[in-house]
Amino acid sequence: MEYPPGATPLNRDEAQGLLLTHITTRGELDRWEQDNIVEALAWLKKTKPMDILNESFVRKLHQRMFANVWNWAGQFRQSDKNIGGPWWRISTDLKALCDDIHWRIKQQLDSSDDIAVCFHHRLVSIHPFPNGNGRHARLMADILLENVMNSERFSWGGQDLSKTSNVRQQYLTGLRAADKGDYKPLLEFARS
Ligand SMILES: Nc1ncnc2c1ncn2[C@@H]1O[C@H](COP(=O)(O)OP(=O)(O)O)[C@@H](O)[C@H]1O
Ligand SMILES: [Mg+2]
C-alpha cells in the first residue's frame, strides 16, 4: 500500500490487524475508515463527552473511530515509529500532556485556540496508535474546543487532510514549525 507524505507506515503485525480482508487498495481502506469515523461522530453528537483529558477517553475515541477496520483500534502501539517517542512511554507522556492541558484551561491565561492547537500537536507527536493518529488528534482537539472550552471547532484547511494535497502539505509545514516551538503557522492553518 502507498502512503501519503507524513503518514506512518504499519509494520507487519499491525497490517495483519486489518479486519476487512477484502480491502486491497489504499482508496478502499480510506473509505472504510471514513465510514467508521462517521459512526464515531454520531456517537459524539449523542453523548457530548466532557471528561476527555484522560487515557481512557483517548483510547475510547480511537476505538470508536477505527474498530470496524482494525483489531488494534483503541490500543497503543507496541513498536517505535519515525514520529513519537518510544512506545513504552506513551502512557506516561499522555498523562503528562492531559494534566498540563487541564491546568492551562483552569488557569485561563491562554486562548482556547492556543491550548487546542498545542494539545493537537503534542498528542500527534506522542503518536499513541499504530495508525489514525492525525485524524484522532484533530478530532480530540475539536472535542476539547467544543465540549470542554465552549468554542468553535477548527476548520483544518476546510478539506480532507488524509490525501496528498496542497492543504495537507500546509498542515505538515505547520506541524514541523510546531516541532520547533513555533505554533503560529499551525494555528493559522487550523482556522483557515
Ligand atoms: N513532523 C511532525 N510532527 C508531528 N506530527 C506529525 C509530523 N508529521 C506528521 N505528523 C502527524 O502524523 C499523522 C500521520 O500519522 P498516522 O498515524 O498515519 O495518522 P492518519 O492515519 O490519521 O493520517 C499526520 O496526519 C500528522 O498529523
Ligand atoms: Mg495513516
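The exercises below, each with a worked solution, concern a predicted model of a protein chain with a ligand.

**Exercise 1. Describe the make-up of the protein chain in helices and strands, and judge its overall dimensions against the globule rule.**

Solution. Begin with the count of elements, which gives 8 helices and 0 strands, so that the order from the N terminus on reads α-α-α-α-α-α-α-α. Next take the radius of gyration, which is 16 Å and close to the 16 Å that the globule rule gives for 192 residues, so the chain is as compact as a globular protein of that length. Along the principal axes, the C-alpha atoms fill a box of roughly 50 × 35 × 35 Å. Finally, turn to the contacts between residues at least 6 apart in sequence, of which 64% join residues at least 24 apart, and to burial, where 29% of the 192 residues count as buried.

**Exercise 2. Work out which elements and residues make up the largest nonpolar core.**

Solution. The core holds 36 residues, and those that touch the most other members are A116, F119, M140, A141 and L144. Two or more residues come from each of α2 (26-47), α3 (55-66), α4 (90-107), α5, α6, α7 and α8 (184-190), with the largest share, 8 residues, supplied by α5. As a background to this step, nonpolar side chains in soluble globular proteins tend to be buried together. To follow a single member, set aside the neighbours of M140 within four places in sequence, after which its contacts are V58, L61 and L123.

**Exercise 3. Characterise α6 by its span, its buried residues and its packing partners.**

Solution. The helix has 16 residues and reaches 21 Å from its first C-alpha to its last, which is close to the 22 Å expected at 1.5 Å a residue. Its buried residues are N133, G134, H136, A137, L139, M140, A141, D142, I143, L144 and L145, and they pack against α2, α3 and α5. Beyond the helix, α6 is followed by N150, which has a positive phi near 55°.

**Exercise 4. Identify the residues and elements around ligand 1, and sort the shell by class.**

Solution. Start from the 16 residues around ligand 1, of which G6, T8, N133, G134 and R135 come nearest. The elements giving two or more residues to this shell are α5 (112-126), α6 (133-148) and α7 (166-179), and α7 gives the most, with 4 residues. Sorting by class then yields 5 nonpolar, 8 polar and 3 charged residues. Reading this beside the previous exercise, N133 and G134 are among the residues nearest the ligand and are also among the buried residues of α6.

Key: Residues are numbered from 1 along each chain as its sequence is written. Chains are lettered from A and ligands numbered from 1 in the order in which they are written. This is a predicted model: local features need pLDDT of at least 70, side-chain atom pairs count only at pLDDT 80 or more; totals for chains, interfaces and linings use all residues. A residue is near a molecule or strand if its C-beta atom, placed from the backbone, lies within 6 Å of it. Ala, Val, Leu, Ile, Met, Phe, Trp, Tyr, Cys and Pro count as nonpolar, Asp, Glu, Lys and Arg as charged, and the others, Gly among them, as polar. A nonpolar core is a set of buried Ala, Val, Leu, Ile, Met, Phe, Trp, Tyr and Cys residues joined through C-beta atoms within 7 Å. A residue is buried if 20 or more other C-beta atoms lie within 10 Å of its own, exposed if 12 or fewer, and partly exposed in between; C-beta atoms are placed from the backbone. Two residues are in contact if their C-beta atoms, placed from the backbone, lie within 7 Å. The expected span of a helix is 1.5 Å times one less than its number of residues. The radius of gyration is taken over C-alpha atoms; the globule rule is 2.2 Å times the number of residues to the power 0.38.
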